[in-house]
Amino acid sequence: MPKRREIPSRETIEVEFKSEFKRSPNGALKPSRLPDGELVDTVVALSNTNGGEIYLGVEDDGEPTGVYKDHRDVTQLAALIANKTVPPVPARVSTLFLASDGSVDDAGKQVTLVEVPRSMAIVSSSEGKIMRRRLKADGTPESVPLYPYEIITRLSTLGQLDYSAFPVPDTTIDDFSPEELKRLRDILARNRNSDQALLELPDEEILSALRMTTLTDGKVTPTVTGILLAGRAEVIARTIPTSAATFQVLAGTEVRVNQDFEQPLLYTIEKMREMLDPWNPEREFEDGLFRQSVPEFDRRAFREALVNAFGHRDYAALGRVRVLIDDEGLTIANPGGFIEGVTIENLLTVEPHGRNECLMNALKRIGLAEKTGRGVDRIFEGSLYYGRPLPDYTGSTSANVSVFIARSAPDELFMRMINEEQQKTGEQLSLRSLLVLDALKQQRRLTVADLSAQLHVTDAAARATVEALLEAGLVEARGSSTARSYMLSGKVYSQSGKEAGYVRQSDIDKIRYPELIMKLAERQGGSVATRDVENLLHLHRKQAYRTLVKLVEDGSLVLVGRGGGAHYEITEKGWERIGH
């Protein structure tokens, strides 16, 4: 019995329909076997992109017309695909019977489904054709050649190639800029996070230690990392023309700043940090006896986002790193999507790894990048410490990464809460603790399951974090067992002058429970069950039962039945209570 399912309604970058019929001049359909080469090319293209599905015997509009008899043997077809691809693609082939609307119907047309996995290597046909999938301007998909320069992008995205470690052809050690080598030493000297031991080395050994040079046929040759960091501008333009960047400031539609950079990264990163200052005003806040200056955009977060953009961009692809400041906020974008295994959802929890490990390691040792590889944590902390909206990565695509930091006034009370806790313990709150506090500030009350889903961590990790905050007095708990929920503590609400908010989030709920239950019973025709109360108030079964018992004791409800059919009905006194 074939697996019952419905096929997609249209083709996408991961779905391809292949007809095995041709229409004659009089409009009649005649069987026509799909050439093996066309099928294999599509398998290769899907495998080199995101994987996907091929439906043999389906027209471009999604109408099933039936598969050619030669392609009905699923075992033989799977073997053909494996034999015609290098390395062999382990496609999964199955049979479907589909009605004209695409739904499964045993009396429908026979269709063959080829499920293609995403490959972690470059796949070609046995004839040497390398293909990939892309969307055309009208949104329909097509299979196109994967060109040599795109192979570098593909392999670096999969984490199997580090382009930044490549030697740069036709370059020598004389192609380094003396000014940039001096800048490198200056950064090492003034940056406490840098590898200070490098300062004791001569220039040639510093370049070797940072993998800015490598030996090629016994000759010292600059690497992509070396030329990017400290190469002469004309050499960068000749050998790595994709390294350019742009800094823009817009006021409405008026362009205030529009400066292009085609210089080495050490110069570009320093210059862009300087250019931010005039567009990054500060506000002063009193914190006890001290005054605290809070910039519009956290400088450390800006530095990390900027370094990440240059460090993780795809230097084999055309495009620029772009820094944009406008009325809405700050956007930093770079060519090259997230590498394999990294998504917007797991950005804060995935093991640190990047596209250009050689370049990022050099930036870490110089002191420009976070040594732990958790620069994205610093970007989020730059918003969390000030109670501002979290950085937004939703503008990212498979072709670029974009982070947006919105303009927003700091939450002074939230800042004070964090500062007081850190002064009391002498330690900084962890990123996960800040995320939990921010989530509770935004959504008032959450369970462990809610927190683990939002933070993309296990329930155990979320529980450990929130329970530590509970012990610190920053969070309070309501309920028990699986229904246990958390909210900011009364102390926090008191310090913020929002005692009413605390009451609203805690005791007032218990006061309103009976009225809400009676209202639900009224709407349900005069009766209510324990499960209804669980769903209504998000309570554990025992808590829901105890609340119903109190309504029975005061004469508003009466228990009817036992076991699974037990429910509570409104009494005459109960009807009077709700105004009937």
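In which loop is P87 found? Select P87 in this predicted model and the answer is the loop between β5 (85-86) and β6 (92-98). Show the backbone there: the peptide bond from V86 to P87 is cis, with omega near -10°.

**Two residues with positive phi**

Next, select R211. R211 lies in the loop that joins α5 (203-209) to β11 (213-216). Although R211 is not a glycine, its phi is positive, at about 60°. With 43% relative accessibility, R211 counts as partly exposed, because the partly exposed class runs between the 20% and 50% limits.

Follow the chain through β11 to D217, in the loop between β11 and β12 (219-222). D217 is not a glycine either, and has a positive phi of about 55°. Is D217 buried or exposed? Its relative accessible area is 82%, so D217 is exposed.

**Strand β12**

Stay in this region and select V220, which lies in strand β12. V220 is partly exposed, at 38% relative accessible area. Leaving aside residues up to four places away in sequence, V220 touches I173, T213, T214 and L215. Now add T172 to the selection: T172 and V220 are 48 residues apart along the chain, and their C-alpha atoms are separated by 7.1 Å.

**Helix α4**

Select residues 178-190, which make up helix α4. This helix has 13 residues and reaches 19 Å from its first C-alpha to its last, close to the 18 Å expected at 1.5 Å a residue. Colour E180, L181, L184, I187 and L188, which are buried. Looking down the axis of α4, the buried residues fall within an arc of 120°, so they line one face of the helix. Turn the view to the face away from that buried side to find the exposed residues E179, K182, A189 and R190. What do the buried residues of α4 pack against? Their partners are α5, α6 (224-230), α8 (265-276) and α10 (357-366).

**Helix α1**

Move to residues 36-47 for helix α1. It has 12 residues and spans 16 Å from first C-alpha to last, close to the 16 Å expected at 1.5 Å a residue. α1 is mostly covered, with 9 of its 12 residues buried. The buried residues in α1 are L39, V40, D41, T42, V43, V44, A45, L46 and S47.

**The nonpolar cores**

Select L229, F247, F310 and L437. Of the 93 residues in the largest nonpolar core, these four touch the most other members. Which helix gives the largest share of this core? Helix α13 (residues 431-443) does, with 7 residues.

Centre the view on F310. Not counting residues up to four places away in sequence, F310 touches A245, L265, T268, I269, M272, Y315, V321 and L359. Then go to V40, V43, I81 and A91, which are included in a second, separate core of 20 residues.

**Aromatic rings**

The model has 5 aromatic pairs. For one of them, select F380 and Y393: this pair is stacked, 6.3 Å centre to centre with 5° between the planes. F380 lies in helix α11 (residues 375-384) and Y393 in the loop between α11 and β19 (400-406), so the pair ties together parts that are 13 residues apart in sequence. Both F380 and Y393 are buried. Add F338 to the selection, since F338, F380 and Y393 form one aromatic cluster.

**Strand β19**

From Y393, step to S402 in strand β19. S402 is buried, with a relative accessible area of 11%. Excluding residues up to four places away in sequence, its contacts are T331, I332, A333, D392, Y393, G395 and S396. Y393 of the stacked pair with F380 is thus reached again among the contacts of S402.

**Charges over rings**

Two stops remain. Select R313 and Y315: the charged end of R313 sits over the ring of Y315, 4.9 Å from its centre. Y315 has already appeared among the residues touched by F310. Finish with K441 and F414, where K441 lies over the face of F414, at 4.7 Å from the ring centre.

Notes:
Residues numbered from 1 in each chain as written. Predicted model: local features only at pLDDT ≥ 70, side-chain atom pairs only at ≥ 80, totals over all residues. Heavy atoms only, no water. Helix = DSSP H or I, 4+ residues; strand = E, 2+ residues; numbered from the N terminus. Buried < 20%, exposed > 50% of the residue type's maximum accessible area, 1.4 Å probe, protein only. Phe/Tyr/Trp six-rings, centres within 6.5 Å; stacked < 30°, edge-to-face > 60°. Lys NZ or Arg CZ within 6 Å of the ring centre and 35° of its normal. Expected span 1.5 Å × (residues − 1). Arc of directions from axis to C-beta. Contact = heavy atoms within 4.5 Å. Core = buried A, V, L, I, M, F, W, Y, C linked by side-chain atoms within 4.5 Å.
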